[in-house]
Amino acid sequence: MRVNLAAGLLGLAAAFAPVVAPGCSRGSDRKAQAMNRGLERGGGDDGSRDAVWSATVPPIAAAAGSGTGFDRFYSYVAPEYRVAGPTPTLPIPADRVAAIPALRDELLAHLGMDGGAAERLSRDGFVVLADARSGSADFGAGYRWLGKEMAVYVTSDSVLHLLHLVFDRTLLVVETEHLAPLLARLMIALRAAARAGLAWPGAAGDAARANLAVIEVVARVLDPETIVSPEVRDEVLMEVAAIEEHEWTRHSPVFGYDEDYTNYVPRGHYTRSEALERYFRAMVWLGRMTFLVRASDDPEPGGLVDRALARRFAAQSALFSRWLDTVPLDGAPAARSWDRIYRTTAFFVGFADDLTPPEVGSAATTALGRDWGPEDLVDGAGLDALRAAIAAGRKPGIYSDTGATTLQVGPEESGRPEVVDGILAATAGMRFMGQRWTPDGEVMGRLVFPTVGPHNGEGSPFTLVALQSSGVRGFARGLDVMSAMGSSRAGAIVETLGDASYENFAEAREAAAGVFPAVGDPSWRATVYWAWLDLLREVVLPTAPPVQGFQTTDAWTDRMLNTSLASWTELRHDSVLYVKQTGVVGGLRESEPPRPTGFVDPYPELYAKVRSLVRMVRFGLQDLGFPAEGDAVGNVLTGIDGVVLRLQEIAIRELRDEPLTNDVAFLSDFASVYDELLDRISGLGGLPRGTGESLAEDLWTTLAVDVQSNLWAGEVLEEGSGALELLVVAARIPGGTDYFIAAGPVFTHYEFRHPLRARLTDAAWRELLDGDAPPAHPAWTCSFRHPCSARGSAAGSVAPSPPVDAAAPMTLRDWLVAHGVAPRGRAASSPSARREGLWHGRSCLLSGVPSGGEGWLDLNAFQQALNGQCEAIDRCYVDALAGRPTLEGQLDFDLVIDERGRVSVDLADVSPALDVAGVVECIEGRLRAMNLTSSPPEGGEVRIRVPVVLALEW
């Protein structure tokens with residue numbers, strides 16, 4: 001089905017109210033709703049219903065940032081100081097740099113301080129030594145590595161990493177000890193209500209049965225020993241299998257539309273135990289699957305499912321809301337348990353982007369009356385009225401691939417924001433525990449196709465994805481988020497890299513910036529996630545003026561931008577389950593003050609906001625019923641607060657140009673101070689620190705998270721943080737005129753496209769980093785890293801996969817139909833069709849993963865050559881299917897491209913069934929036929945691993 005979105009938002013005739021009022025802006029309206037996802041209850045409910053929800057759910061806010069209740073835990077007091085002392089000019093004279101004792105005595109020689117690095121130190125006042133890694137992803141080890149001979153530079157990177165550790169570990173403890181067991185009990189309580197509804201006649205009984213399947217899926221995922229009710233056994237077991245296999249997109253047996261099951265790969269700290277893995281899968285499923293209420297035959301914009309299914313989804317939503325109000329659990333309505341899970345996770349991350357059960361309850365009362373019952377869920381007109389009432393609620397702000405195989409938007413519809421509004425309206429409905437709206441998520445969603453038009457520049461920028469005959473912006477960048485928060489430097493880099501060369505991009509970027517509120521708006525303290533984003537805004541737009549020469553350079557701005565992106569990566573990593581996805585004027589002195597034993601990133605507002613966020617976590621947990629005083633979590637939060645306060649005080653003295661004489665011991669022994677904090681954090685959740693000085697993996701900086709998906713490209717956008725590098729600065733001595741050298745560990749950040757089916761866990765990311773072909777650092781970081789090459793390589797990014805082109809003359813599904821292997825139409829997508837052995841296949845989606853070699857290869861040319869063999873590879877598979885209709889498996893080929901562009905192919909791995917079927921030789925021959933003679937590698941051969949998945953989809 002093709003949903004026609006070109007007509008825009010015309011509103012639903014008769015029964016349905018308009019989707020968005022004419023002329024409605026996304027700006028202030030979106031910000032006003034941002035903090036209230038799932039909080040509003042609305043009017044018209046009876047007293048008993050109000051009593052259930054009002055105790056814990058505040059009313060909808062009248063303005064952005066108010067009404068969440070969490071902002072009262074955030075208390076920020078701006079540091080007071082008066083900047084003094086001269087800001088050194090650059091470059092620093094070479095003779096003065098050479099005279100600095102640390103350089104004169106060659107104390108930095110073993111860290112990689114060569115002539116080029118010294119030249120940068122003179123020019124910019126600082127340099128990051130890219131080859132001077134400590135061999136560890138532990139900031140504590142990074143400080144220890146410097147020893148006592150080098151003045152330590154306490155980086156904001158290391159402070160932000162502490163924030164990640166306490167956020168991640170505190171959430172792990174709460175989930176393990178409280179939320180996962182509570183979710184299991186909630187499902188058991190609702191199961192009894194669903195079973196009682198099986199006896200209801202007609203649509204009400206069908207909805208109760210469908211809800212029983214939803215409940216049983218979650219219960220089975222959480223506990224594999226759960227006995228599934230015979231009435232829903234088949235679809236439940238098939239759904240659970242799809243979730244646990246988490247491979248590609250396929251038809252959901254329970255919800256009746258396609259789902260991208262690659263989302264169910266446990267990532268982040270959810271790989272630390274089997275219980276957390278199961279909690280992750282269950283919550284992702286509850287967070288992604290939508291009870292869609294718009295039907296395909298509704299007035300524009302039409303929905304993604306037929307009218308019968310839309311009516312059933314509306315009835316299911318209403319029943320879930322009613323059961324939460326009436327089913328008892330732990331001496332109270334089950335709604336309190338749902339709310340405890342929802343509000344606890346909302347405190348950390350935010351509120352649901354889609355409708356919640358409380359909102360559906362209000363819609364049901366509006367449509368069916370105050371005393372509605374199961375008998376009101378039988379009449380078609382009544383169910384349509386219920387659908388209309390639900391659809392009239394707030395619309396999601398982020399599209400998360402719901403119905404992606406049904407929605408089709410051509411390049412001619414790009415560059416039109418109303419098209420996105422239509423897509424979002426088509427996906428309206430309730431999610432039982434919906435994934436959360438975040439401003440960065442909406443920004444990224446608004447800066448890709450179709451809001452942004454076709455590519456109109458030269459070359460192949462990182463964000464480019466082929467679509468039919470056009471190139472479109474298929475991915476956003478982390479830099480886009482920083483630009484929307486106000487970083488002009490981030491926006492300039494996006495333009496320099498060619499990632500702004502799309503029609504309507506400037507207008508879309510200006511509109512996206514409106515998603516973030518103004519500085520000082522209470523929205524910035526509404527949740528822990530928002531408060532963290534406010535920290536990142538402080539990093540890229542510091543309040544404190546520059547007092548050191550290096551702070552006045554573009555290179556330093558880029559270094560701080562890199563820090564912000566790495567910390568943002570950690571934020572998204574920690575919230576991956578839930579996100580829908582920085583003095584007195586001094587005079588001349590007769591003698592120079594002593595050389596400091598250290599220096600602190602001079603941003604006191606950043607440290608003050610870190611402390612405010614840490615206190616917010618402590619007080620918020622207390623209010624939510626998780627005591628944080630006198631226990632391990634409280635000790636960690638108190639310890640971090642004390643250390644960061646000391647850093648704030650030192651930063652103020654630096655800005656006041658006061659000698660750091662009282663801070664000698666603290667700075668010289670900062671490695672021990674940091675290690676003590678890590679020791680406290682490592683004890684949370686029962687996860688060990690490690691042995692000796694070895695840090696537990698959970699505390700490393702090497703982590704990755706996927707932040708955006710593109711099904712048609714077959715890829716996700718991955719953000720990664722890697723091993724530490726060494727920042728070296730030549731700072732003017734506070735209170736003096738001479739210079740000294742200080743050094744400290746800093747983040748490394750990566751951004752790259754990666755195959756959808758291989759979403760990276762932290763362990764897989766570390767293997768990729770340690771392998772022969774890790775992703776390259778962003779070229780723009782060469783402004784502050786040395787040595788650094790701005791040129792990309794085959795190891796620099798994963799080649800983009802070809803899009804699924806609905807207008808292509810022949811796909812694998814077409815071939816299967818032509819060969820009589822699969823029927824036409826949607827019949828092949830039903831569970832009954834699977835049992836009857838009716839199948840259809842998946843279109844060819846190929847990409848390569850660089851795996852070694854000495855040369856440099858144009859990956860776009862490689863991808864085009866690979867795309868050219870797609871149809872022939874489909875034919876190899878189809879010919880084999882003619883004799884074996886259920887054949888599935890995977891082949892891994894190693895391709896070697898020599899300097900003349902010739903391709904040799906070796907089979908690395910193969911599923912036995914495919915080997916028997918003779919498919920290997922056929923596909924191997926097609927890969928050898930690739931022609932790269934017009935764009936061969938430079939500097940030697942290049943090796944690329946190409947996985948070929950031959951999977952049947954039902």
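How many residues does helix H9 have, and how far does the helix reach from its first C-alpha to its last? Helix H9, residues 233-245, has 13 residues and spans 18 Å between those end atoms, close to the 18 Å expected at 1.5 Å a residue. Keep in mind as you look around that this is a predicted model.

Staying with H9 for a moment, its buried residues are Glu235, Val236, Met238, Glu239, Val240, Ala242 and Ile243. Two glutamates, Glu235 and Glu239, are thus among the buried residues of this helix. Just after H9 comes His246, and the phi angle of His246 is positive, near 40°.

**The whole protein**

Stepping back, you will find 32 helices and 23 strands in the protein. The protein has 954 residues, and 62% of them count as buried. About 32,600 Å² of surface is exposed, with carbon and sulfur atoms supplying 51% of that area.

**Salt bridges**

Side chains of opposite charge can pair when their charged atoms come close. The structure holds 51 salt bridges, and here are three of them, with the separation of nitrogen and oxygen in each pair.

| Acidic residue | Basic residue | N to O distance |
|---|---|---|
| Asp157 | Arg559 | 2.5 Å |
| Asp353 | Lys580 | 3.1 Å |
| Asp534 | Lys609 | 3.2 Å |

Let us take these pairs in turn. Asp157 forms a salt bridge with Arg559. Because Asp157 lies in helix H7 (residues 156-196) and Arg559 in helix H21 (residues 554-574), this pair ties together parts that are 402 residues apart in sequence. Both Asp157 and Arg559 are buried.

The salt bridge between Asp353 and Lys580 also links distant parts of the chain, with the two residues 227 apart. Here both partners sit in loops: Asp353 is in the one between helix H12 (334-348) and helix H13 (357-368), while Lys580 is in the one between H21 and strand S11 (598-600). Asp353 and Lys580 are both buried.

Are Asp534 and Lys609 buried or exposed? Both of these residues are buried, and their side chains meet in a salt bridge at 3.2 Å, N to O.

Some charged residues join up in a wider arrangement. Asp297, Asp298, Arg307, Arg311, Asp384 and Arg387 are linked in a network of salt bridges. If you would like to trace that network in the viewer, Asp297 and Asp298 are among its acidic members, and Arg307 and Arg311 are among its arginines.

How values were computed
Residues are numbered from 1 along each chain as its sequence is written. This is a predicted model: local features need pLDDT of at least 70, side-chain atom pairs count only at pLDDT 80 or more; totals for chains, interfaces and linings use all residues. Side-chain values use heavy atoms; hydrogens and water are left out. Helices (H or I, at least four residues) and strands (E, at least two) are DSSP runs, numbered from the N terminus. Buried means under 20% relative accessible area, exposed over 50%, partly exposed in between (1.4 Å probe, protein chains only). Accessible areas come from the Shrake-Rupley method with a 1.4 Å probe; for residues, only the protein chains shown count as cover. A salt bridge is a side-chain nitrogen of Lys or Arg within 4 Å of a carboxyl oxygen of Asp or Glu. The expected span of a helix is 1.5 Å times one less than its number of residues.
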